[in-house]
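Good morning, and thank you for coming. I should like to take you through one protein structure, beginning with a small detail and working outwards to the whole fold.

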Amino acid sequence: MIVKSAEFVCSNTQISKLPPPEKPEYAFIGRSNVGKSSLINMLTNKKGLAKTSQTPGKTQLINHFLINENWYLVDLPGYGYARISKSKKEDWDKFIRTYLDKRESLQCVLVLIDSRLEPQKIDLAFCNWLGEKGLPFVLVFTKADKQSGLKTDQNIAKFKKALSATFEEVPTCYVTSSENKLGKDEVLGFIDEVNKGFTM
Ligand SMILES: Nc1nc2c(ncn2[C@@H]2O[C@H](COP(=O)(O)OP(=O)(O)O)[C@@H](O)[C@H]2O)c(=O)[nH]1
Ligand SMILES: [Mg+2]
């Protein structure tokens with residue numbers, strides 16, 4: 001897929017104000033600082049589309065971007081930010097989980113994982129929750145330029161192994177780098193394929 005246009009549509013704090021669920025939608029989510037904004041900008045060829053390195057945990061917004069006038073890329077607030085209060089964390093949980101669970105047009109959740117790290121509990125727990133809800137998701141490993149391919153492969157293998165404790169079939173994995181555009185064609189190609197099967 002070639003991204004010809006990418007437009008910011010809206011930011012929401014309320015599920016009731018989301019755009020009508022008439023286009024296929026893909027939610028990007030991961031721990032704060034995982035490289036989500038950078039990945040969104042890389043995929044859409046727009047440097048400032050998603051704001052990178054903002055103070056996390058401040059505003060908890062669901063951001064909709066319209067791509068090629070045809071599908072929505074949704075930027076969700078990061079999870080696992082240590083310095084936000086417990087009540088804020090619970091608000092995050094409720095808001096995002098309701099969105100993920102109820103959004104009819106949501107085709108897939110892209111769960112971003114830092115490829116430099118050993119499997120993190122919070123990422124595994126989130127994947128398990130998606131599994132329990134029967135929500136389709138893929139894993140997008142970020143920042144692969146930061147270490148050797150071998151190290152990346154090892155961390156991915158460990159993550160898959162950890163997931164295999166609860167999943168019969170481990171989801172598809174993509175290896176990406178926003179720095180050198182690794183994985184761009186693969187992630188966009190995947191979205192393109194799913195879009196083809198979208199019916200209202
Ligand atoms: N080397 C490298 N750095 C990255 C990559 N993606 C993000 N970063 C850096 O990681 C930090 C967090 O990125 P950001 O996109 O703001 O993460 P977010 O909090 O998940 O939206 C920033 O300093 C980015 O420049 C990547 O693929 N490679
Ligand atoms: Mg960000």
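Please look first at Asn-68, which is found in the loop between strand E3 and strand E4, the latter covering residues 71-75. Before we go further, I should say that this is a predicted model.

What is the sign of the phi angle at Asn-68? It is positive, near 50°, in a residue other than glycine. As for its surroundings, Asn-68 has 15 other C-beta atoms within 10 Å, and therefore counts as partly exposed. The loop in question is the turn of a hairpin: E3 and E4 form that hairpin with three residues between them. The two strands run antiparallel and are joined by five bridges. To see one pair across the hairpin, find Phe-65, which stands opposite Leu-73 in E4.

There is a second residue of this kind, and I would ask you to find Asn-45. Its phi is also positive, about 60°, although Asn-45 is not a glycine. Where does Asn-45 lie? It sits in the loop between helix H1, residues 36-44, and strand E3. Asn-45 follows H1 in the chain. With 13 C-beta neighbours inside 10 Å, Asn-45 counts as partly exposed, because a residue needs 20 or more to be buried and 12 or fewer to be exposed.

The helix just before Asn-45 has other surroundings. Is H1 largely enclosed or largely open? Eight of its nine residues are buried, so H1 is largely enclosed by the rest of the structure. Among the buried residues of H1 are Lys-36, Ser-37 and Ser-38, together with Leu-39 and Ile-40. Met-42, Leu-43 and Thr-44 are buried as well. A general point may help when you look at any such element: an α-helix has 3.6 residues a turn, so residues three or four places apart point the same way.

Let us return to E3 and turn to its other partner. Strand E3 comprises residues 62-67, and six bridges join it to E1 in an antiparallel arrangement. Two pairs can be picked out between these strands: Glu-7 stands opposite Leu-66, and Cys-10 stands opposite His-64.

These strands belong to a wider sheet. In what order do its strands lie? The sheet is open, has seven strands with mixed pairing, and is ordered E1-E3-E4-E2-E5-E6-E7. At its edges stand E1, residues 6-12, and E7, residues 173-175; each has a single partner strand, so one side of each is left without a neighbour in the sheet. From one strand to the next, the twist averages 25°.

Now consider E2, which has E4 on one side and E5 on the other in that order. E2 and E4 pair in the parallel sense over four bridges. E2 and E5 are likewise parallel, here over six bridges. One residue shows both pairings: Tyr-26 stands opposite Leu-73 in E4 and opposite Cys-108 in E5.

How many of the six residues of E2, residues 25-30, are buried? The count is six of six, so to speak of this strand as mostly covered is justified by its burial. Both faces are covered: Glu-25, Ala-27 and Ile-29 lie on one side, and Tyr-26, Phe-28 and Gly-30 on the other.

Two residues of E2 bring us to the interior. The largest nonpolar core has 37 residues, and those with the most contacts inside it are Ala-27, Phe-28, Val-111, Leu-112 and Val-140. Strand E5, residues 106-114, gives the most to this core, with five residues. Leaving aside residues up to four places away in sequence, Ala-27 touches Val-74, Leu-76, Leu-100, Leu-106, Val-109 and Leu-110.

Finally, let us step back to the whole protein. It has five helices and seven strands, which follow one another in the pattern β-β-α-β-β-α-β-α-β-α-β-α. The radius of gyration is 16 Å, close to the 16 Å that the globule rule gives for 200 residues, so the protein is as compact as a globular protein of that length. Its C-alpha atoms fill a box of roughly 40 × 40 × 35 Å along the principal axes. Buried residues make up 31% of the 200 residues. Among contacts between residues at least 6 apart in sequence, 77% join residues at least 24 apart.

Thank you for your attention.

Definitions and conventions
Residues numbered from 1 in each chain as written. Chains lettered and ligands numbered in written order. Predicted model: local features only at pLDDT ≥ 70, side-chain atom pairs only at ≥ 80, totals over all residues. Rg over C-alpha atoms; globule rule 2.2 N^0.38 Å. Contact = placed C-beta atoms within 7 Å. Core = buried A, V, L, I, M, F, W, Y, C linked by C-beta atoms within 7 Å. Pairing = 2+ DSSP bridges. Axes fitted to C-alpha atoms, helices over the stretch in contact; angles between N-to-C directions.
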